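Okay, thanks for coming, everyone. I'd like to walk you through one model today, so let me put it up on the screen.

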Amino acid sequence: MSMPSTPRSAQPSAPQSAHLDPWGAPPPPPPRKRPAALVAAVIGGALLLIVAILAAVVLSGKVFDTSFPRAEATLTVPHTVLDGRYELRRNDSATTGRAMARTWRLSLDAEAVHGVVASYRLKDADYDDVVVTGMYGRFRNTASLRARLLAERGSTSSTVKVVAPPRDLTPASSPVRVSCEYLSRSWTGGQALTYPACAWADGNTVARVAYMTTSYVDLKDAAEQTLRVRSDMLRPIR
């Protein structure tokens, strides 16, 4: 699975002349000196604009809200998950996970973010993978984060389509909400796969779990398995 989006790779740029700005154009002429009254008017107007923007952001509840929870848990990458039936196949936390975390650190709803990306394969199977793309840190507005995890398709967005939109399938006994959807992914050779993906988000961990298997998996079963994956990977901070 690809559960959030990776930053665009930086393209090498041609060396810039000392007389050119980063866009390759000549530098602008130095500003003319303006009368003090005009300068004061410009500054005053800019301050009013800043105040208006800050007021709008405050009303939207995205700034000056210090309601981040305490960091009490992390996500680990154990050797097996789901009662030991799935073994670790790849751990890309140091590469893809780190790049993903850099992107999510720009979010106003995330702090101290670390990425975890791992895939597990059913023992003795040729193709039956559980792919986890997640993060740990401090998170708020978890409902919108959970929706964002299912909305992002990563670099394969053109080949991944939504078959059944996300819906809340939280088991009655779970304090952590889980949403699941069906996706379809196609490859250039004409192959295609329809599979479920689920996501959870709490104050310390968020993750998307994709079940890349040719066997049919009911969404309710996928939601329950997702909570078991969460339990396998969650570790309290002592």
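So, this is a predicted model, and I'll start with how far to trust it. The mean pLDDT of the protein is 78, and 69% of the residues reach 70 or more. Where is confidence lowest, and where is it highest? The low end is helix H1, residues 36-60, with a mean of 45, and the high end is strand S2, residues 80-81, at 98. Over residues 1-34 the pLDDT stays under 50, and the model has 44 contacts beyond four places in sequence for that stretch. Residues 53-65 are also below 50, with eight contacts beyond near neighbours in sequence.

Okay, the overall layout. We've got four helices and ten strands. If you read along the sequence, the pattern goes α-β-β-β-α-β-β-α-β-β-β-β-α-β. There are 238 residues in the protein, and buried ones make up 39% of them. The accessible surface is about 14,200 Å², and carbon and sulfur atoms account for 57% of that.

Now the sheet. Eight strands form an open sheet, with antiparallel pairing, and the order is S2-S3-S4-S5-S9-S8-S7-S6. Which strands sit at the edges? Those are S2 and S6, the latter being residues 160-168, and each of them pairs on one side only.

Let's go across from the S2 side. S2 and S3 pair antiparallel over two bridges, and Val81 has Tyr86 in S3 as its bridge partner. In the loop between S2 and S3 you'll find Asp83. Asp83 isn't a glycine, yet it has a positive phi of about 60°. Why point that out? Because most residues other than glycine have a negative phi. Asp83 is also exposed, at 63% relative accessibility.

Next pair over: S3, residues 86-91, runs antiparallel to S4, residues 110-122, and five bridges join them. One spot to click on is Arg90, which stands opposite Ser119 in S4. S4 then pairs with S5, residues 128-139, again antiparallel, this time over ten bridges. Within that pairing, Arg121 has Asp129 in S5 as its bridge partner. The S4 and S5 hairpin has five residues between the strands, and there Asp124 takes a positive phi near 65°.

S4 has something of its own to look at, too. Ala112 lies in that strand, and although it's not a glycine, it has a positive phi of about 50°. Ala112 is exposed, with a relative accessible area of 54%.

Right, on to the helices, and H2 in particular, residues 93-104. H2 has twelve residues, but its end C-alpha atoms are only 14 Å apart, short of the 16 Å that a straight helix would reach at 1.5 Å a residue. Which residues of H2 are buried? They're Ser93, Gly97, Ala99, Met100, Ala101, Thr103 and Trp104. If you remember, an α-helix has 3.6 residues a turn, so residues three or four places apart point the same way. Pairs like Gly97 and Ala101, or Met100 and Trp104, are on that buried list. As for what covers the buried residues of H2, the cover includes S3, S4, S5 and helix H3, which is 142-151.

Last topic, and one for the cysteine people. How many disulfides does a search of the whole structure find? It finds one. The partners are Cys180 and Cys198, with their sulfur atoms 2.1 Å apart. The link is right-handed, with 105° about the S-S bond. Cys180 lies in S7, residues 178-186, and Cys198 in S8, residues 192-201, so the pair ties together parts that are 18 residues apart in sequence. Are these cysteines buried or exposed? Cys180 is buried, at 0% relative accessibility, and Cys198 is buried with a relative accessible area of 0% as well.

One more thing while we're at Cys180. Zoom out a little and look for Ala147, which is in helix H3. Ala147 and Cys180 are 33 residues apart along the chain, and their C-alpha atoms are separated by 9.7 Å. Ala147 counts as partly exposed, at 44% relative accessibility, whereas Cys180 is buried.

That's my tour. Happy to spin the model around if anyone wants another look.

Note on methods. Residues are numbered from 1 along each chain as its sequence is written. This is a predicted model: local features need pLDDT of at least 70, side-chain atom pairs count only at pLDDT 80 or more; totals for chains, interfaces and linings use all residues. Side-chain values use heavy atoms; hydrogens and water are left out. Two strands pair if DSSP finds at least two bridges between them. Buried means under 20% relative accessible area, exposed over 50%, partly exposed in between (1.4 Å probe, protein chains only). Accessible areas come from the Shrake-Rupley method with a 1.4 Å probe; for residues, only the protein chains shown count as cover. The expected span of a helix is 1.5 Å times one less than its number of residues. Contact means heavy atoms within 4.5 Å. A disulfide is a pair of cysteine sulfur atoms within 2.5 Å. pLDDT is the predictor's confidence in each residue, from 0 to 100.
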